[in-house]
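Colleague: Please take a close look at the cavities of this model, and then work outwards to the parts around them. I would like each term pinned down as you use it.

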Amino acid sequence: MEIEPGRDFIRDMIGADLAAGRHQRVVTRFPPEPNGYLHIGHAKSICLNFGVAAEFGGRCHLRFDDTNPTKEEQEYIDAIKRDVQWLGFDWGEHLYHASDYFAQLYAWAEGLIGAGRAYVDDQSQEEMRANRGTLTEPGRNSAFRDRAPAENLDLFRRMRAGEFANGARVLRAKIDMAAGNFNLRDPVIYRILHAAHPRTGSDWCIYPSYDFAHGQSDAIEGITHSLCTLEFADHRPLYDWFLDNLPVPSRPRQYEFARLNLTSTVLSKRVLTELVRHGHVSGWDDPRMPTLAGLRRRGVPAAALREFVRRIGVARADNLVDVAMFEHVIRDLLNKSALRRMAVLRPLKVVLTNYPAGQGEELEALDHPEGKDGPKRSVRFGREIFIERDDFMEVPAKKFYRLAPGREVRLRYAYLITCREVVKDKAGDVVELRCTYDPATRGGNAPDGRKVQGTIHWVGAADAIAAEVRIYHPLFTSAEPAGGENFAADLNPVSLEILNHCRLEPALANAPMGDPVQFERQGYFCRDLDSSADGLVFNRTVGLRDTWAKVAAGGR
RNA sequence: UGGGGGAUAGUUCAACGGUAGAACAGCGGACUCUGACUCCGUUAAUCUAGGUUCGAAUCCUAGUCCCCCAGCCA
């Protein structure tokens, strides 16, 4: 699919910067913290950063913001790389880590101390909090704020040498305890963390804070436009303060945009982590998860993510995008590309009483309805077939034009059949239909030109293959899930629906893993990696638009 | 109410002093061997009040409402 770049305030501004000669080329970066998997919200940032760089002939770096070894893991680093590539972006040679700059950041911290702009604070975490002030009251200076640079330097070096326990001291920038912006109330820039780092091992026991690492990393890499989400807008004055007070090699600028919110979806990494940890989902790649790994496994093409992100645009206003827009983009894409197959999810047996027993025949079916002369496959027809339970109503509702007693419908690519008899079990449930077929309608058209209202899908009982099909529903019930401490209250108890007795046409037996296929009249599906020799498993990526369901629901 | 940010159809985004427009959702219809797709039609918005201007969503003033910030997380 041809994706036209969007127009937004970020692109406008970068275009203006380039036109004014403020930069020769644009350099952006996508800076994930490896403490979880990437989700659809990250896709917005990835598409923005890599997209903008590509559109303006610049480059985009992938940089891991790995300044907190207590939360970060190699597994996440690997997963993030895989997901960014899958989304369709390439950082080339430009793979970096904030940890690559630990030595430089440390040297800059010593420089700040020497200049009297940073000090070692011995206050406990509680004392610091108590002295930070409130929204309306200024903070109070620490008793250690005016330590001499030499003493600060000595203490800082001893912090680095491992002489102190976690939390015993921190290094703080000396800015303004009375600032209205909390980020300027002497922010912590180094803390003691006796923890092994995925990349630097045990080289360090002090680690820079986000604020002390991010802007400087941008400067080291020559980033021109540092794009981040709105909640970092308050950090911009601090970002600039470090760049103003340190001998950095370049001068990046930070710009903020609104993060993505999606209806009935939680994009809080904290909550997603807990869903995984507490077993509410099978893992980060559970197809119900809004993670890129989950969406991929579910069958969502990377191009759909890109197109979705393009359509929602980029702005600074808070937003809550209807997940229906995302689903529309997925269908739009898959409609064009997915092969068509027939599959019966909730089978109802049909016996064609006038079809000779022990016989069968091959019928032709299109792989895609728009390719009338394109690829075809054959499907096996016979005396016994399965149809969808929902395609039969003993007492047809108004506007229901599928199968009912005495009624004639078309079996897709096969024959017109008429329901003659309904067989029930002792409980009164319909277990079988006895129908007759019209041999003159082979292929689906009546020579006398008579029309039927409904066309339904089917599979031949003789050669249908069994499969499990998984239907996914939102993980959360409310349109705007809380996402807070008690997110569990919002959890949808039936987010996973497993259909165990599905019957598929045999061509589906060797469907390649992950490739999209349309089960006609039902939706887009793909073979799941849980499939094994003794069991085929399919995921429903997204259902087809279902006007009948709407009519039926409205009629009640 | 200390600092920062934001308000345009139900939703998301345009309109950059000159006719408020698109997509999704909704509704109605056409077509159809997928109640899909496609096509056509249609409902529907500038937070409020003043001001500047021939002309304001856009500029000014005063309000209102919403979001973010008091981690040694990012």
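Modeller: A cavity here is a set of points, on a 1 Å grid over the protein atoms alone, where a 1.4 Å probe fits but cannot get out, and its lining residues have an atom within 4 Å of a point. The points are joined across faces, edges and corners, and a volume is the space filled by probe spheres set on them. This is a predicted model, in which local features need pLDDT of at least 70 and side-chain atom pairs count only at pLDDT 80 or more, while totals for chains, interfaces and linings use all residues. Residues are numbered from 1 along each chain as its sequence is written, chains are lettered from A and ligands numbered from 1 in the order in which they are written, and side-chain values use heavy atoms, with hydrogens and water left out.

When the whole structure is searched, 2 cavities of 30 Å³ or more turn up. The largest cavity holds about 50 Å³ of space, and its lining is made of M342, V379, R380, W458, V459, G460, D463, E505 and P506. Two strands, β14 (376-382) and β20 (458-460), each give at least two residues to this lining (helices, H or I of at least four residues, and strands, E of at least two, are DSSP runs numbered from the N terminus). The largest share belongs to β20, with 3 residues. By class, the lining of the largest cavity has 5 nonpolar, 1 polar and 3 charged residues, where Ala, Val, Leu, Ile, Met, Phe, Trp, Tyr, Cys and Pro count as nonpolar, Asp, Glu, Lys and Arg as charged, and the others, Gly among them, as polar.

The second largest cavity, with about 30 Å³ of space, is enclosed by another set of lining residues, namely Y210, D211, H214, H235, Y239 and Q254. Here helix α7 (residues 210-221) contributes the most, giving 3 residues, and the lining divides into 2 nonpolar, 3 polar and 1 charged residues.

From the cavities one can turn to the sheet. It is an open sheet of 7 strands with mixed pairing, in the order β10-β23-β24-β25-β21-β22-β11 (two strands pair if DSSP finds at least two bridges between them). Its edge strands are β10 (339-341) and β11 (343-344), each of which pairs on one side only. Within the sheet, strand β24 (residues 523-527) is largely enclosed by the rest of the structure, because 5 of its 5 residues are buried (under 20% relative accessible area, with a 1.4 Å probe and protein chains only). Both of its faces are covered, with G523, F525 and R527 buried on one side and Y524 and C526 buried on the other.

On one flank, β24 pairs in the antiparallel sense with strand β23 (residues 517-519) over 3 bridges, and V517 stands opposite F525. These two strands form a hairpin with 3 residues between them, and R521 in the turn has a positive phi of about 70°. Strand β25 (residues 537-543) runs antiparallel to β24 and is joined to it by 5 bridges, with G543 opposite G523. The pairing of β25 with strand β21 (residues 465-472), by contrast, is parallel, over 3 bridges, and F538 is the bridge partner of V469.

The hairpin also leads to RNA strand B, since a base nitrogen of that strand is 2.5 Å from an N or O atom in the side chain of Q518. A phosphate oxygen of RNA strand B likewise lies 2.5 Å from an N or O atom in the side chain of T547, and another such contact, at 3.3 Å, involves a phosphate oxygen and a polar backbone atom of V314. Among the elements that give two or more residues to the surface near the strand (a heavy atom within 4 Å of it) are α5 (125-131), β6 (188-192) and α13 (547-555), and α12 gives the most, with 5 residues. Of the 66 residues around RNA strand B, R340, R402, G443, Q518 and T547 come nearest. That surface has 22 nonpolar, 21 polar and 23 charged residues. Of the strand's atoms within 4 Å of the protein, 65% belong to sugar or phosphate and the rest to bases.

One further residue deserves mention: R145, in the loop between α5 and α6 (149-160), is buried at a relative accessible area of 11%. Its side chain makes a polar contact of 2.7 Å with that of D186 (a pair of N or O atoms within 3.5 Å, one able to donate a hydrogen and the other to accept it).

Methods. Buried < 20%, exposed > 50% of the residue type's maximum accessible area, 1.4 Å probe, protein only. 1 Å grid on protein atoms, 1.4 Å probe; cavity = no way out; pocket = protein on both sides within 12 Å on 5 of 7 lines; lining within 4 Å.
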